Amino acid sequence: MPIGFRIHPVTQRIPAELVRRFADLPVANVSDAMGRMVAGGASLRPMHAGGVLAGPAVTVKARPGDNLMLHKALDLAEPGDVVVVDAGGDLTNALIGELMTAYAETRGIAGIVIYGAIRDAKTIRENAFPVFAAGITHRGPYKDGPGEVNVPIAIEGMVIRPGDLLLGDDDGLVCVRLEEAETVFATASAKHAAETAQMEKIRRGENPRAWVDETLKRLGCEGL
């Protein structure tokens, strides 16, 4: 079997019921629950009309500018999966456009993440099908390989394994490890509830600010 040109199965996936629960949480709260140490990088932005991306990852390690293995991943992915591609962040050639996103949508795929470029941006921007990418270019891809499907990948320091949860909204993307998902969900839910309560207090004009000066004094700030 040639190194760097392989297709593997997904052996386990985050449960669909847990995906649905995560989809109701802001990515920022999930990020806070993970110590603010995990992120897909500021270059990955939502390209679609808006809406949450959530689902187990089907991963692709692609040669920059080549989408052959991405095509195969779209054929293999199950309904509800998120196809996430590490293409090295290269923006020279687009890896997907309106045809591939339409195909993915008809198959019930939950979204596509491209650490690389897309094209047909106007159509994607007007569609609710979730697409995250690092940039846009009109130049199309090659289809020669090599590449790998369902291997661990990393996007700007964020490690993604097949079956891990990919969660995205207007603030960006986060990956939650399958074995940590229940713990992260509980912590993020508590954080979200606390922030919701705090927002209600702010709207009522109840927003104590003494902590600001207390913190500045503790840190030795002059001029208070």
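Which helices and strand do the buried residues of H6 pack against? The tour below reaches the answer after a view of the whole chain.

**Whole chain**

The model is predicted, so local features are reported only at pLDDT of at least 70 and side-chain atom pairs only at pLDDT 80 or more, whereas totals for chains, interfaces and linings use all residues. Residues are numbered from 1 along each chain as its sequence is written, and side-chain values rest on heavy atoms, without hydrogens or water.

Display the C-alpha trace: its atoms fill a box of roughly 65 × 35 × 35 Å along the principal axes. Colouring by secondary structure should show seven helices and twelve strands; these are DSSP runs numbered from the N terminus, with helices (H or I) of at least four residues and strands (E) of at least two. Of the 224 residues, 42% count as buried, where buried means under 20% relative accessible area, exposed over 50% and partly exposed in between, with a 1.4 Å probe and protein chains only. Among contacts (heavy atoms within 4.5 Å) with a separation of 6 or more, 77% join residues 24 or more positions apart.

**Helix H6 and the aromatic pair**

Select residues 181-203, which form helix H6. The end C-alpha atoms of H6 are 32 Å apart, in agreement with the 33 Å that its 23 residues should span at 1.5 Å a residue; the expected span is 1.5 Å times one less than the number of residues. Ala-181, Val-184, Phe-185 and Ala-188 are buried in H6. The buried residues of this helix pack against helix H1 (16-22), helix H2 (27-33) and strand E12 (172-176). Just after H6, Gly-205 has a positive phi of about 80°.

Next, show the side chains of Phe-22 and Phe-185. A search of the whole structure finds one aromatic pair. Phe-22 and Phe-185 form that pair edge-to-face, at 5.3 Å centre to centre and with 70° between the planes. Rings of Phe, Tyr and Trp (its six-membered ring) pair if their centres lie within 6.5 Å, and planes under 30 degrees apart count as stacked, over 60 as edge-to-face and the rest as tilted. Because Phe-22 lies in H1 and Phe-185 in H6, the pair ties together parts that are 163 residues apart in sequence. Both rings belong to buried residues.

**Arg-36**

Move to the loop between H2 and strand E2 (45-46), where Arg-36 lies. Its phi is near 55°, a positive value in a residue other than glycine. Arg-36 counts as exposed because its relative accessibility is 59%. Not counting residues up to four places away in sequence, Arg-36 touches Ser-31 and Lys-191. A distance drawn from the C-alpha of Arg-36 to that of Asp-120, 84 residues apart along the chain, should read 33 Å.

**From Pro-146 to Asn-150**

Select Gly-145 and Pro-146: the peptide bond between them is cis, with omega near -5°. Pro-146 is placed in the loop between strand E7 (131-136) and E8. Strand E8 (residues 147-149) contains Glu-148. Is Glu-148 buried or exposed? With 16% relative accessibility, Glu-148 counts as buried. Leaving aside residues up to four places away in sequence, Glu-148 touches Gly-4, Phe-5, Arg-6, His-8, Thr-59, Val-60, Lys-61 and Met-69.

Asn-150 is found in the loop between E8 and strand E9 (153-155). The phi of Asn-150 is near 65°, a positive value in a residue other than glycine, and its relative accessibility of 8% makes Asn-150 count as buried.

**Gly-116**

From Asn-150, go to Gly-116, 34 residues apart in sequence and 18 Å apart in space, C-alpha to C-alpha. Gly-116 sits in strand E6 (residues 111-118) and is buried, with a relative accessible area of 0%. Apart from residues up to four places away in sequence, Gly-116 touches Gly-89, Asp-90, Leu-91, Ala-133, Ala-134 and Gly-135.

**The largest pocket**

Finally, select Ile-96, Gly-97, Leu-99, Met-100 and Arg-119, which lie nearest the centre of the largest pocket among its 13 lining residues. On a 1 Å grid over the protein atoms alone, a cavity is a set of points where a 1.4 Å probe fits but cannot get out, and a pocket is an open set with protein on both sides within 12 Å along at least five of seven lines; lining residues have an atom within 4 Å of a point. The volume of the largest pocket is about 170 Å³, taken as the space filled by probe spheres set on grid points joined across faces, edges and corners. Strand E5 (94-96) and helix H4 (98-106) each supply at least two lining residues. The lining divides into six nonpolar, three polar and four charged residues; Ala, Val, Leu, Ile, Met, Phe, Trp, Tyr, Cys and Pro count as nonpolar, Asp, Glu, Lys and Arg as charged, and the others, Gly among them, as polar.
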